[in-house]
Amino acid sequence: MITTNPYDDDKLREECGIFGVSGAEGAAALVALGLHALQHRGQEAAGITSFDGRDFHSHRGIGHVARVFREEAVMHQLTGRAAIGHVRYSTTGGAGIRNVQPLFAELASGGFAVAHNGNISNAMRVRGELNRRGSIFQSTSDTEVIIHLVATSTYRTLLDRFIDALKQVEGAYSLICLTAEGMIACRDPRGIRPLVMGRLGEAYIFASETVALDIVGATYLRSVAPGELIEVSDQGLKSHHPFAAEKPKPCVFEHIYFSRPDSVIDGHSVYNVRKRIGAELAIESPVDADYVVPVPDSGVPAALGFAQQSGTPFELGIIRSHYVGRTFIQPSDHVRHLGVKLKHNANSALIKGKSIVLVDDSIVRGTTSMKIVQMMREAGAREVHMRIASPPTRHSCFYGVDTPERAKLLAAHMNVAEMNAYIRSDSLAFVSIEGLYRAIGESGRDAAEPQHCDACFTGDYPTGLTDQEDLEKRHELELQEEPVG
Ligand code: SF4
């Protein structure tokens, strides 16, 4: 597998970022800028589709935004006052140019381009039904089922056909679509994945995160509401609420790790929330230590919060190189083993003989934590206490986040004491789920109706998981059919 960041396979990875501009000269150039700001949400491929009032233009490629859109000629061909773009990792559907978004189709009503952040959790089931009815798929992406459902819907207007399509899918979707009539942005009824709206002069902008609005100089207007569908056309902006009202369940992991710290989610600064998670950790699981040391970069705000709450000095005991893992390399096992050191190195002069609290955002497989603890010990740390700014990750995500299968999640088969022994730290503690909710500004988690999707910690999935259930049933049948003896 080709990867852009081989040393980050011990993190959950957001699959996609999306960005759209309606009503601005050089819309595609603004989209390219917006995608730069969303690069952390997907680094394997990028694409932009624009519409110039007559024709659609599209360019998609494998690699970072800067690489895919480095040629002036490419940007010149993406003409028009409306454009949408996408950055992605490859999970559902795998890598390959045919799965790179925006996806585009010529429907009976005209061109239709779509950029999707999330994952349709009944895509395989719907795809099977569409295949039986004669649909021929161009990609293996879950997003393409939406295009086919729009194409085969019997409703009259494109908007109604689109709504009809969305009513047949389950799971998580934030979508920006581009048609000859305008732009449509929408979020699934529970608003699992983020989507915000901004204004730049006369233009409307849609983006996965507010940081992308900042980059193009747009003013933040508001989040697209869960279940809301916003239509932008020559007649202006129209908001629709075509779904039955559901309790919103935005992904709690956006606050912990996925979003950039300079983004704001529903009025909460991501940076401040992360600091508060660190403060909760310091209250719940204090340590008497010489220094608080973040695992860079994602552990930095929580470590600052821990240090400020506990009165323990914050120090950079690990230095991160920003120049590894950004090239296309295929590491051998030997290089992969050295990889952690290439990316993170101990600041030995500081930590020798000291007791340290290491703060990281999460533990997924535990391999990186183990190597970092070992690195601290080799650098002479007297004690290494690990503090994690999320509850134990015990379940896979089916909503557009790349998680290892459940068996590979350390917390799925070990308790905290066993994990502590496995990563060889002197002590290990995770923030509690209640502490996490307090950090996000809630008084606690509403157990009957949680305010967020937190399924990777609790297993409490807010939607049906049809494909997963089909898979498990198939697996059970296979086991039953296995010959005995
Ligand atoms: S399962 Fe976890 S990562 Fe996935 S949407 Fe829910 S909270 Fe976010």
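# Report on a predicted structure: helices, sheets and cavities

Helices α4 and α18 are roughly perpendicular to each other; angles of 65 to 115 degrees count as such, whereas those under 35 are roughly parallel, those over 145 roughly antiparallel and the rest oblique. The axes of α4 (residues 123-132) and α18 (residues 466-481) come within 6 Å of each other and cross at roughly 85°. On the α4 side the contact (heavy atoms within 4.5 Å) is made by Ala123, Met124 and Arg125, and on the α18 side by Thr466, Asp467 and Asp470. By class, 2 nonpolar, 1 polar and 3 charged residues take part in the contact of α4 with α18. Here Ala, Val, Leu, Ile, Met, Phe, Trp, Tyr, Cys and Pro are counted as nonpolar, Asp, Glu, Lys and Arg as charged, and the others, including Gly, as polar.

The model is predicted: local features need a pLDDT of at least 70 and side-chain atom pairs count only at pLDDT 80 or more, while totals for chains, interfaces and linings use all residues. Residues are numbered from 1 along each chain as its sequence is written, and side-chain values rest on heavy atoms, with hydrogens and water left out. Helices (H or I, at least four residues) and strands (E, at least two) are DSSP runs numbered from the N terminus. Axes are lines fitted to C-alpha atoms, for helices over the stretch in contact, and angles between N-to-C directions run from 0 to 180 degrees.

## The two sheets

Strands of a sheet pair through backbone hydrogen bonds, either parallel or antiparallel; a pair requires at least two DSSP bridges.

One open sheet has 7 strands with antiparallel pairing, in the order β4-β3-β5-β2-β11-β10-β12. Its edge strands, β4 (56-62) and β12 (219-223), each pair on one side only. From one strand to the next, the twist averages 15°. Within this sheet, strand β3 (residues 45-51) and strand β5 (residues 82-88) run antiparallel and are joined by 7 bridges. In this pairing, Ser50 stands opposite Ala83 in β5. Helix α1 (residues 27-37) packs on the sheet and touches β2 (16-22), β3, β5 and β10 (196-200). The direction of α1 makes about 25° with that of β5.

The other open sheet is formed by 4 strands with parallel pairing, in the order β17-β20-β21-β23. The strands β17 (291-294) and β23 (427-430) stand at its edges with a single partner each, so one side of each has no neighbour in the sheet. Neighbouring strands of this sheet are turned against each other by 25° on average, direction ignored. The pairing of β17 with strand β20 (residues 355-360) is parallel and spans 4 bridges; Tyr291 stands opposite Ile356 in β20. Helix α10 (residues 300-310) lies across β17, β20 and β21 (383-388), and its course is at about 165° to β17.

## Cavities

The structure holds 5 cavities of 30 Å³ or more. On a 1 Å grid over the protein atoms alone, a cavity is a set of points where a 1.4 Å probe fits but cannot get out, and lining residues have an atom within 4 Å of a point. Grid points are joined across faces, edges and corners, and a volume is the space filled by probe spheres set on the points.

The largest cavity contains about 140 Å³ of space. Its lining comprises 18 residues, of which Arg187, Pro194, Leu195, Ser208 and Ile265 lie nearest its centre. The elements that give two or more residues to this lining are α8 (253-258) and β15 (264-265).

The second largest cavity contains about 100 Å³ of space. It is lined by 15 residues, and those closest to its centre are Cys251, Phe253, Cys397, Cys453 and Cys456. At least two residues of this lining come from each of α8 and α17 (455-458).

The linings divide by class as follows.

| Lining | Nonpolar | Polar | Charged |
|---|---|---|---|
| Largest cavity | 8 residues | 6 residues | 4 residues |
| Second largest cavity | 12 residues | 1 residue | 2 residues |

## Backbone details in loops

Gln101 and Pro102 are joined by a cis peptide bond with omega of about 0°. Pro102 is found in the loop between β5 and β6 (103-107). A cis peptide bond also joins Pro296 and Asp297, with omega of about -10°; Asp297 is in the loop between β17 and α10. Asp266, although not a glycine, has a positive phi of about 45°. The place of Asp266 is the loop between β15 and β16 (268-269).

How values were computed: 1 Å grid on protein atoms, 1.4 Å probe; cavity = no way out; pocket = protein on both sides within 12 Å on 5 of 7 lines; lining within 4 Å.
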